[in-house]
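Biologist: I should like to go through this protein step by step. May I ask for the sequence and the structure to be shown before we begin?

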Amino acid sequence: MPTRDINCEIIEELYSQALVLADDARTVFDLRRTDTAVQPDDLTRVALSIEGLRTTTRLMHVLAWLLNQRAYRSGELSAGQLARSGRLPDEPPADADNLALLEPATRALIEEGEALHARVAQLDREWRANAGEPPVEELRGRITAAFARG
């Protein structure tokens, strides 16, 4: 299996994971809970708000990076366009004091988002380290791959 296919599979798998985590985060951090019997105290609500914003921002950056990668692999973005606009921003980790106030399931979701961001950040670093290939070589690789597919 060509490396390009493996990379596309990895991108698609990470994209699916990010979508699921983003949906879970939306549900977990929605402060308009219908369960009025279990209302968090003020400090917990602030911690939920802060970590909810951090988590959703982190996941949206991951999704944007993955969408840029998908667009590049489908030919909608050039390598130059991707290099200019496709960098994954660094994200601060969750605050330990805030995490201590949150439920274990919420902490686990935050940690999953951080782990996903770390995996994608590693891919971004690797891609950028190898992105020095001249455009002619990139085009030659695409032509070779197209002929290999038949």
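The following exchange treats the overall fold and then individual residues of this predicted model.

Biologist: How many helices and how many strands does the protein have?
Modeller: Read along the sequence, the pattern is α-α-α-α-α-α. The secondary structure therefore consists of helices without strands, under the DSSP assignment of runs. The totals are six helices and zero strands.

Biologist: What percentage of the residues of the protein count as buried?
Modeller: A residue is called buried if its relative accessible area is under 20%. The protein has 150 residues, to which this criterion is applied. The surface that the protein exposes is about 9400 Å², with carbon and sulfur atoms supplying 56% of it. The share of residues that count as buried is 31%.

Biologist: Among contacts with a separation of 6 or more, what percentage comes from residues 24 or more positions apart?
Modeller: A contact here requires heavy atoms within 4.5 Å. One example of a residue with contacts is Thr-44 in helix α2, which touches Leu-101 and Leu-102. For the protein, the percentage asked for is 78%.

Biologist: How far does helix α5 reach from its first C-alpha to its last?
Modeller: Helix α5 covers residues 104-130, which is 27 residues. At 1.5 Å a residue, a span of 39 Å is expected, and the helix comes close to that. The reach in the model is 39 Å.

Biologist: Which two residues form the one aromatic pair, and how are their rings arranged?
Modeller: The structure holds one aromatic pair. The ring centres of Tyr-72 and Trp-127 are 6.1 Å apart, and the ring planes stand at 75 degrees. Planes over 60 degrees apart count as edge-to-face. The pair is therefore Tyr-72 and Trp-127, and its arrangement is edge-to-face.

Biologist: Which helices does this aromatic pair tie together?
Modeller: Both Tyr-72 and Trp-127 are buried. Tyr-72 belongs to residues 42-73, whereas Trp-127 is 55 residues away in sequence, so the pair ties together separate parts of the chain. The helices are α2 and α5.

Biologist: Is Glu-51 buried or exposed?
Modeller: The side chain of Glu-51 meets that of Arg-54 in a salt bridge of 3.0 Å, N to O. The two residues are three apart in helix α2, so about one helical turn separates them. Arg-54 is partly exposed at 27% relative accessible area. Glu-51 has a relative accessible area of 0%, and so it is buried.

Biologist: Which residue forms a salt bridge with Arg-58?
Modeller: Side chains of opposite charge can pair when their charged atoms come close. For Arg-58, the closest N and O atoms of the bridge are 3.9 Å apart, and a salt bridge requires a distance within 4 Å. The pair links distant parts of the chain, 56 residues apart, with Arg-58 in helix α2 and its partner in helix α5. That partner is Glu-114.

Biologist: How many residues apart are Asp-124 and Arg-128 in helix α5?
Modeller: These two residues form a salt bridge, and their closest N and O atoms are 3.2 Å apart. Asp-124 is buried at 5% relative accessible area, and Arg-128 also counts as buried, at 19% relative accessibility. About one helical turn separates the two, because their spacing in the helix is four residues.

Biologist: What distance separates the C-alpha atoms of Asp-97 and Ala-47?
Modeller: Asp-97 is found in helix α4, residues 96-101. At 60% relative accessibility, Asp-97 counts as exposed. Asp-97 and Ala-47 are 50 residues apart along the chain, and their C-alpha atoms are separated by 8.4 Å.

Biologist: Which residues form the nonpolar patch on the surface?
Modeller: Phe-147 is found in helix α6, residues 135-149. With a relative accessible area of 68%, Phe-147 is exposed, and a patch residue must have over 30%. The patch has about 340 Å² of accessible area, and its members are Leu-139, Ile-143 and Phe-147.

Technical notes. Residues numbered from 1 in each chain as written. Predicted model: local features only at pLDDT ≥ 70, side-chain atom pairs only at ≥ 80, totals over all residues. Heavy atoms only, no water. Patch = residues over 30% accessible without salt bridge, like charges linked within 9 Å, V, L, I, M, F, W, Y side chains within 5 Å. Areas by Shrake-Rupley, 256 points an atom, 1.4 Å probe, with all protein chains shown as cover. Buried < 20%, exposed > 50% of the residue type's maximum accessible area, 1.4 Å probe, protein only. Expected span 1.5 Å × (residues − 1). Phe/Tyr/Trp six-rings, centres within 6.5 Å; stacked < 30°, edge-to-face > 60°. Lists of a residue's contacts leave out its neighbours within four places in sequence.
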